[in-house]
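Biologist: Please show me the chain, and then explain the words you use for it.

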Amino acid sequence: SNGSEPSPSFLLAGLPGLEGAQCWLSIPLCSAYVLAVAGNGAVLLAVRLEPGLHAPMYLFLCMLAAVDLALATATVPRTLSFYWFDSREIGLGACLLQMFLIHALSAVESAVLLAMAVDRYVAICHPLRHAAVLTNGTTAKVGLLALARGVIFFLPLPLLLLPLPFCGPRALSHSFCLHQDVMNLACANTTPSVVYGLTAILLVMGLDALLICLSYVLILRAVLRLAAWRERLKVFSTCIAHICVVLAFYVPLIGLSVVHRFGKDLAPLVHVVMGNIYILVPAVLNPIIYGVRTKQIQRRILSLIHVTDR
């Protein structure tokens, strides 16, 4: 839009066909958000207070919890304000900021998952070098690099969309702003945005997924060299929590991508539900998975609950 026109705005998607019950149906969404905040907050606090958890794997887990908190907070409160107060309209600036946060934070989470896979690979395949290779200082540098990569790769997305004109009803297919969703509403040539968006996704999430798979191929090969089945299971069981977290992130991501690419004939409700699953499933499941698998985290959280009750 030119300088004489007001900044365009977009209409968030509600629950198509269920508009009359949106207030009630928002309760599960709100409950999931509260659970995500409580669970990830508890993990951060437990690792902070438990000296035995000040190790690279659990520092990466803290990064994962912080990213999940930020990602959920960047989307869910705005969605709830729409469901509860009928605040459906979102301005261009707020929409592009939300879009950038979603994609950049997803890239950071993908990088942290890759770092955790490398941590498991070094711990299993080169255990004598683990303490020297993955120090707390190295872990902090990896976290900063993950954040910088997410910002650098995905900052151009809103910048490419900002000068474009938007026409039509400007109705989004999700209850928050995603790049492909906003881009489809532009009434101008979006080829640079399409090419860059696809390239960024492949170079970040796609490459991370391939490297995670490669790390587990090497881990599996090392595990199969062990003579006893009991020893194999014991070693590989240290990877179960990370594998579950990887699946909780990539399965909804792939599902949302498939819906965007091939789901034009699907009911609009499917797009809304898949978007919320992508945002909330990792944030809710990750602290549960690591809470169940890590006894130190369990003990620290239970002790915090006990102190609070007293």
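**Size and packing**

Biologist: What makes the radius of gyration of the protein chain agree with that of a compact globule?

Modeller: The rule for a globule is 2.2 Å times the number of residues to the power 0.38, taken over C-alpha atoms. For 310 residues this gives near 19 Å, and the protein chain has 21 Å, so the two agree. This is a predicted model, in which local features need pLDDT of at least 70, side-chain atom pairs count only at pLDDT 80 or more, and totals for chains, interfaces and linings use all residues. Residues are numbered from 1 along each chain as its sequence is written, and side-chain values use heavy atoms, without hydrogens and water.

Biologist: How many helices and strands does the protein chain have?

Modeller: Helices are DSSP runs of H or I with at least four residues, and strands are runs of E with at least two, numbered from the N terminus. The protein chain has twelve helices and two strands.

Biologist: How do you describe the crossing of α3 and α5?

Modeller: Axes are lines fitted to C-alpha atoms, for helices over the stretch in contact, and angles between N-to-C directions run from 0 to 180 degrees. The axes of α3 (residues 92–125) and α5 (residues 136–154) come within 8 Å and cross at roughly 145 degrees. Contact (heavy atoms within 4.5 Å) involves, among others, Phe100 and His103 of α3 and Arg149 and Gly150 of α5.

Biologist: What share of the residues counts as buried?

Modeller: Buried means under 20% relative accessible area with a 1.4 Å probe, protein chains only. Of the 310 residues, 45% count as buried.

Biologist: Which contacts join residues at least 24 apart?

Modeller: Among contacts between residues at least 6 apart in sequence, 79% do.

Terms used. Buried < 20%, exposed > 50% of the residue type's maximum accessible area, 1.4 Å probe, protein only.
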